[in-house]
Amino acid sequence: MASDTPPAAPLAVPDPAGPRPGEQTVLVLQGGGALGAYQAGAYEALAETGYSPQWLAGISIGAVNAALIAGNPPEKRLPALRSFWETASSSLMQQPILGGDAERRLLSQTAAWAGSLFGIPGFFRPRMPPPFAVWQGSKGALSYYDTAPLRASLEKLVDFDRLNNDGIRLSVGAVDLETGNFTYFDSHHTRIGPEHIMASGALPPGLPPVEIEGRLYWDGGIVSNTPLNYVLEYTGDRSDMCIFQVDLFSAKGPMPETIFDVAQREKEIRYSSRTRLNTDQFRQTQTMRRAARRLVQKLPPELRDDPDAVSLEYWSCNAAITIAHLINRRRPFDTDSKDYEFSRLSMEERWTAGRDDVRHGLQRKDWLERKKPEAGVAIFDLTRAES
């Protein structure tokens with residue numbers, strides 16, 4: 001990928017500030033369509049530095065990436081990710097001739113248009129006949145594309161028996177089409193199949209709802225595009241956790257200058273899901289939960305059974321949580337179609353950016369010197385500053 005900043009050197013040995021004894025590694029993956037190649041690159045760098053997730057949580061394309069990781073042994077995870085992303089970008093192989101942002105913007109818009117018209121290999125294809133030419137209420141009337149290719153990709157690249165029995169936890173979010181309720185399909189409670197992953201990524205009106213046990217589900221990003229809160233709700237008495245939150249949309253961005261910039265900026269704000277705000281609020285809550293635990297333990301025995309003390313102990317939590325936040329950055333030539341622009345060039349650039357951002361972040365002094373957070377929560381912003 002062309003860049004003014006050389007890529008960070010690979011870490012030849014496991015990160016000296018890697019997983020702590022008793023610390024669970026959690027990978028949280030936001031939705032974002034074609035931008036998901038960034039997460040694949042981020043996982044590559046995490047894997048080479050010793051971080052093997054025990055829990056993966058994803059929305060939309062994050063759910064697809066999470067399934068590809070959880071449904072394979074360690075040595076096959078990167079090949080599975082690479083196979084999916086190379087297939088998805090296989091029909092859009094154009095390269096720039098002259099260089100410059102104007103040409104890249106044109107190439108990206110052309111790639112997005114081509115994908116919209118002809119579909120994306122291994123992911124979705126246009127419906128024939130189109131939805132407005134079939135009976136109202138029929139399955140084909142509810143989306144412009146058919147996701148049968150995605151099911152085939154998942155069945156080929158994901159070992160669902162392994163996913164459900166290997167001990168790695170997988171949680172993917174979707175929305176009940178009729179009730180509007182947000183639902184998580186969690187391998188600790190439900191046997192996960194291709195349909196659960198597809199439901200998490202069924203973004204209307206492009207992709208069709210997916211039926212699970214008689215209910216129809218849409219993309220979880222409609223309600224919340226990040227599964228971070230779901231993971232944080234399950235701290236309780238669990239082991240300490242190191243959570244890598246890999247976002248594909250940034251809440252921060254420049255002032256729009258054109259109507260096309262407005263569309264891109266609106267999408268970034270909507271799908272960023274305020275993850276920085278959520279982590280700051282969780283830090284305050286977790287600090288109070290740890291204080292409540294200490295307070296209950298100081299109570300004399302005759303007060304331990306008091307209903308208020310019992311409620312306080314139930315709410316309290318003593319887990320130490322480290323959250324490492326990474327965000328995919330907008331490129332100068334990006335447009336509002338960046339999340340459905342699946343060209344090979346952009347895929348490789350995003351993959352490289354995710355890998356280099358993690359390598360760079362894990363070599364930062366504050367990360368290398370991190371310790372178990374005494375206050376209960378430590379938040380690291382591993383996203384590289386924009387030049």
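So, Arg 364: at 25% relative accessibility, this residue counts as partly exposed, because buried would need under 20% and exposed over 50%. Keep in mind that we're looking at a predicted model here.

What does Arg 364 pair with? Its partner is Asp 366, and the two form a salt bridge whose closest N and O atoms sit 2.7 Å apart. Asp 366 has a relative accessibility of 35%, so that one counts as partly exposed too. If you're new to this, the general idea is that side chains of opposite charge can pair when their charged atoms come close.

Okay, on to Lys 365. This lysine forms a salt bridge with Glu 369, with 3.0 Å between the closest N and O atoms. Is Lys 365 buried or exposed? It's exposed, because its relative accessible area is 59%, and the cut-off for exposed is over 50%. Glu 369 comes in at 44%, so we call it partly exposed.

Now let's go somewhere else in the chain. Arg 104 and Glu 349 also meet through their side chains in a salt bridge, at 2.8 Å from N to O. This pair ties together distant parts of the chain: Arg 104 belongs to helix 4, residues 101–118, while Glu 349 belongs to helix 12, residues 344–361, and the two are 245 residues apart. Both Arg 104 and Glu 349 are buried.

And that pair has company. Arg 104 and Glu 349 belong to a network of salt bridges that also links Arg 331, Asp 334, Glu 341 and Arg 350.

How many salt bridges does the structure hold? The count is 27, and the pairs I've shown you are among them.

Conventions:
Residues numbered from 1 in each chain as written. Predicted model: local features only at pLDDT ≥ 70, side-chain atom pairs only at ≥ 80, totals over all residues. Heavy atoms only, no water. Salt bridge = Lys/Arg side-chain N within 4 Å of Asp/Glu carboxyl O. Helix = DSSP H or I, 4+ residues; strand = E, 2+ residues; numbered from the N terminus. Buried < 20%, exposed > 50% of the residue type's maximum accessible area, 1.4 Å probe, protein only.
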